[in-house]
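Let's take a walk through this one together, piece by piece. Have the model open beside you as you read.

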Amino acid sequence: MPRPQPLDFSALLSARARTMNASAIREILKITQRPDVISFAGGLPAPELFPMDEFRRAADTVMTKYGPASLQYSTTEGHAPLREWIAARSHIPASNVQITTGSQQALDLLGKILISEGDTVLVEAPSYLGALQSFQPYLPSYAEMPTDEGGIDVDALEGLLKAGNVKLLYAIPNFQNPTGRTLSLERRRRLVELTAQHGVLVIEDDPYGDLRFSGEPITSLYQLGLELWGDVDQNHVIYCSSFSKTLVPGLRDAWVQAAAPIIGKLIQAKQGADLHTPTLNQMMITELLPLLPTQIEKVRRAYGERAGIMMDAMDRLFPAGAQHTTPQGGMFLWVTLPHGIDTAKMLPRAVERQVAYVPGSPFYARGGGENTMRLSYSCSTPEQIGRGVQALADTIRESLD
């Protein structure tokens, strides 16, 4: 038998698979694994803040309390006590809560059930890269909402909605990834009202909302939707959050709150994806819920201190023309450099100085932002932040020469 011709695997991929791209952040993280590199790139929770002893005890308690059931298949909807706790926070039925294997799965499944090829999806400019990556295989047409220090420009949003044919709006109102900005209450109300009037669904992504270290909490888009409709199953806002940033990311426990028709389709989509989120992980998270307020406060204090140190250092060391946002919580801030600097091209020189960041361009659904970058302060010590900002300032000055 003659030897067969080598397969052209790229030609055998689906049209959907051919639209997939590697995460720019994950690719950058590969080059920053050297222990001598100070990485402001990945949005990683600080591992020294993980409640290790409590997790050890929780694992033992769960195994004793539930026995083999903790290692068994479970329901797609999720561990009932965990769903009930989540539901109680928003005064909704547990049947309106779906547990997911990380918030990234929530975004992927929502894209799967909501986006058809060519549907117009509104995203912030810039927006969370992981959401763009999740939605892209479903072939949306992106339209970008302009943003400023107050978040989404709702006047511009009104114009986009009036243009018609918008299916879905995706937003991160609290300490947005990548900019760290927060959407004001006035703008939130108008966003909810405008999208309701135009029959547009809203995905509110809120992984950082509990990590506020200054200012006062602001009512969620989801709660404003409940107030507007007065009915959990009419609410056009879909809420996503996670335990990754408050407890630990490795257990991959997150959730979606939504109207019953959305939850019903999410259940079907999740059954096809992974049947259910790991039973043991959900039970461990549930066991640790009494610890959550103390853990959140510890994380808030640490991130607030680190954000302050980073901003103070940038104000002292960055050259004129470099600007940064001032987050009130979360894990990120956004830097805008003078036009003409390309932060993607500048990155190798920064790594030579042993500091890394994420260039801003991949966060724009329709391109642009070449002179911007995202910095994360969550996973670096104060001493590392000082050295890293100095190295970054030197790199920027070199690029300006």
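Before we start, one cut-off: a residue counts as buried when its relative accessible area is under 20%. Keep in mind too that this is a predicted model.

With that cut-off in hand, turn to helix α11, residues 260-273. In α11, the buried residues are Ile262, Ile263, Leu266, Ile267, Ala269 and Lys270. There's a familiar rhythm behind lists like that. An α-helix has 3.6 residues a turn, so residues three or four places apart point the same way. What covers the buried residues of α11? The cover includes β2 (97-101), α6 (103-114), β8 (237-242) and β9 (253-257). As for its length, α11 has 14 residues and reaches 20 Å from its first C-alpha to its last, close to the 20 Å expected at 1.5 Å a residue. Following the helix comes Leu275, with a positive phi near 70 degrees.

Some of those covering strands belong to a sheet. Here 8 strands make an open sheet with mixed pairing, and the order is β2-β9-β8-β7-β6-β3-β4-β5. Which strands stand at the edges? They are β2 and β5 (151-152), and each has a single partner strand, so one side of each is left without a neighbour in the sheet. α11 packs on this sheet, where it touches β2, β8 and β9, and its direction makes about 30 degrees with that of β2. At the β5 edge, strand β4 (residues 141-148) runs antiparallel to β5, and 2 bridges join them. One detail to look up there: Asp148 has Gly151 in β5 as its bridge partner.

Gly151 turns up again when you look for enclosed space. The model has 2 cavities of 30 Å³ or more, and the largest holds about 60 Å³. Residues lining that largest cavity include Glu124, Thr147, Gly151, Ile152, Ile172 and Pro173, with Gln176, Thr179 and Arg181 also among them.

Now for a few loops. Asp119 sits in the one between α6 and β3 (120-125). Is Asp119 buried or exposed? Asp119 has a relative accessible area of 17%, so it counts as buried. Setting aside neighbours within four places in sequence, Asp119 is in contact with Leu114, Leu139, Pro140, Ser141 and Lys167. Compare that with Glu48, which lies in the loop between β1 (38-39) and α4 (52-66). Glu48 is partly exposed, at a relative accessible area of 48%. Its C-alpha atom is separated by 16 Å from that of Leu251, although the two residues are 203 apart along the chain.

The backbone has some spots to check as well. Most residues other than glycine have a negative phi, and most peptide bonds are trans. Against that background, look at the bond from Ala125 to Pro126, which is cis with omega near 5 degrees. Pro126 belongs to the loop between β3 and α7 (129-135). Another cis peptide bond joins Asn177 and Pro178, this time with omega about 25 degrees, and Pro178 is in the loop between β6 (166-171) and α9 (185-197). For positive phi, try His91, with a value near 55 degrees. His91 is in the loop between α5 (80-90) and β2, and at 74% relative accessibility it counts as exposed. Gln354 has a positive phi too, near 70 degrees. You'll find Gln354 in the loop between α14 and β12, partly exposed with a relative accessible area of 32%.

That brings us to another sheet. This open one has 4 strands in the order β10-β11-β14-β13, with antiparallel pairing. Its edge strands, β10 (323-324) and β13 (358-359), each pair on one side only. Between β11 (residues 332-336) and β14 there are 5 bridges, and Phe332 has Ser376 in β14 as its bridge partner. α13 packs on this sheet, touching β10, β11 and β14, and its direction makes about 15 degrees with that of β11.

Last stop: helix α15, residues 382-400. Its 19 residues should span 27 Å at 1.5 Å a residue, and the end C-alpha atoms are indeed 27 Å apart. Buried residues in α15 include Ile385, Gly388, Val389, Leu392 and Ile396. Among the elements covering the buried residues of α15 are β1, α13 (292-317), α14 (343-352), β12 (355-356) and β14 (372-376).

Note on methods: Residues numbered from 1 in each chain as written. Predicted model: local features only at pLDDT ≥ 70, side-chain atom pairs only at ≥ 80, totals over all residues. Heavy atoms only, no water. Expected span 1.5 Å × (residues − 1). Buried < 20%, exposed > 50% of the residue type's maximum accessible area, 1.4 Å probe, protein only. Contact = heavy atoms within 4.5 Å. Pairing = 2+ DSSP bridges. Axes fitted to C-alpha atoms, helices over the stretch in contact; angles between N-to-C directions. 1 Å grid on protein atoms, 1.4 Å probe; cavity = no way out; pocket = protein on both sides within 12 Å on 5 of 7 lines; lining within 4 Å. Points joined across faces, edges and corners; volume = space filled by probe spheres on them.
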